[in-house]
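Me: I have a model open and would like to go through some of the labels attached to it. Could you walk me through the reasoning behind them?

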Amino acid sequence: MAGSARYLISPVLAGILLSVSDVKLLLVIDICTFILTVISTFAVKRGIKVQKYMEELSFMDSLKEGWHAVRQSKGAFLLVLASSFLTLFVGVFQVLAEPLILSMADAKTLGIAETVCASGMLVSGLYLGIRGIRSGYVKVLSLSLALAGVFIIGFGMFKSIVFITLSGFGFFMMLPFANNCLDYLVRTNTPLELQGRIWGIVGFLSQIGYIIAYGCSGILADWAAAYKGIGVGRGAGLIMAFSGSALLAVFISILFIVNQARIPHPTKSLNRKFNNYH
């Protein structure tokens with residue numbers, strides 16, 4: 001729910017403000033949010049008691065140890081790669097969704113559409129918070145990625161703002177399921193005592209997808225538009241449809257490759273490693 005909060009109110013508010021003012025006002029508001037963040041962070045920090053300890057291990061040694069732990073588990077390494085691909089396609093969606101909608105609607109409509117789309121994360125976040133996922137994590141991960149790919153294709157191919165928004169809603173609804181399964185499977189198949197170092201590596205590798213998406217999406221959309229002789233909005237749609245198809249390919253890979261990697265049952269794996277650790 002916290003992850004989807006920034007997508008729910010902000011787009012609508014930004015669209016309304018842009019209709020009566022300019023981007024300078026939005027930048028001033030954005031700067032003010034940093035002030036609130038700093039104040040609240042210091043307030044929270046004072047109320048948290050942390051047990052401090054010293055460990056004689058250099059930064060590079062910690063990095064190497066984390067990387068070695070990830071590589072040691074073939075299943076976990078494949079899951080990290082899947083996470084990188086997921087962030088890549090999410091990045092493509094984030095970059096190209098706005099120019100695609102703006103090619104057929106105004107900023108106010110864009111804000112409303114983004115809020116409706118992001119509500120999908122709120123719905124699935126509420127479901128996961130109440131019911132959770134009790135078993136079949138690999139299957140849930142594969143299915144959520146497959147449906148996310150289908151919804152991205154629909155977002156890129158539809159020419160109706162209503163169907164585009166519904167596709168975006170479905171795409172965002174799948175993200176918490178995929179992230180939840182990726183997080184759980186990686187955590188329960190890596191040593192408990194190395195979790196901090198491992199998640200430093202996992203965070204670094206998964207963010208590479210965003211870097212690639214932010215650097216290439218706009219260029220590819222312009223190229224597709226020029227090559228096909230269509231508008232930039234439809235060029236963005238083609239690239240999004242291609243990325244959705246690639247996400248479907250990742251889904252197929254997870255079904256076959258990750259299962260062949262013989263990822264242990266999460267509960268049994270966690271209990272065994274917990275006992276070994278102690």
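Me: Which residues form a nonpolar patch on the surface?

Reply: Happy to help; keep in mind that this is a predicted model. The patch consists of Phe158, Val162, Phe163 and Leu166, with about 380 Å² of accessible area together. One of them, Leu166, sits in helix 8 (residues 161–187).

Me: What makes helix 2 roughly antiparallel to helix 6?

Reply: Look at the axes: helix 2 (residues 10–20) and helix 6 (residues 107–130) cross at roughly 175°, coming within 7 Å. Angles over 145 degrees count as roughly antiparallel, so that label fits helix 2 and helix 6. Helix 2 contributes Pro11, Val12, Gly15 and Leu18 to the contact, and helix 6 contributes residues including Ala107, Lys108 and Glu114. The contact residues divide into five nonpolar, three polar and two charged.

Me: Why are helix 2 and helix 3 called oblique to each other?

Reply: Their axes come within 8 Å and cross at roughly 140°, helix 3 being residues 23–46. Roughly antiparallel needs over 145 degrees and roughly perpendicular runs from 65 to 115, so helix 2 and helix 3 are oblique.

Me: And which residues make that contact?

Reply: Ala14, Leu17 and Leu18 come from helix 2, while Val23, Leu25, Leu26 and Ile29 come from helix 3. That gives seven nonpolar residues, no polar and no charged.

Definitions and conventions:
Residues are numbered from 1 along each chain as its sequence is written. This is a predicted model: local features need pLDDT of at least 70, side-chain atom pairs count only at pLDDT 80 or more; totals for chains, interfaces and linings use all residues. Side-chain values use heavy atoms; hydrogens and water are left out. Patches are made of residues with over 30% relative accessible area and no salt bridge: like charges are joined within 9 Å, nonpolar side chains (Val, Leu, Ile, Met, Phe, Trp, Tyr) within 5 Å. Accessible areas come from the Shrake-Rupley method with a 1.4 Å probe; for residues, only the protein chains shown count as cover. A salt bridge is a side-chain nitrogen of Lys or Arg within 4 Å of a carboxyl oxygen of Asp or Glu. Helices (H or I, at least four residues) and strands (E, at least two) are DSSP runs, numbered from the N terminus. Axes are lines fitted to C-alpha atoms, for helices over the stretch in contact, and angles run from 0 to 180 degrees between N-to-C directions. Angles under 35 degrees count as roughly parallel, over 145 as roughly antiparallel, 65 to 115 as roughly perpendicular and the rest as oblique. Contact means heavy atoms within 4.5 Å. Ala, Val, Leu, Ile, Met, Phe, Trp, Tyr, Cys and Pro count as nonpolar, Asp, Glu, Lys and Arg as charged, and the others, Gly among them, as polar.
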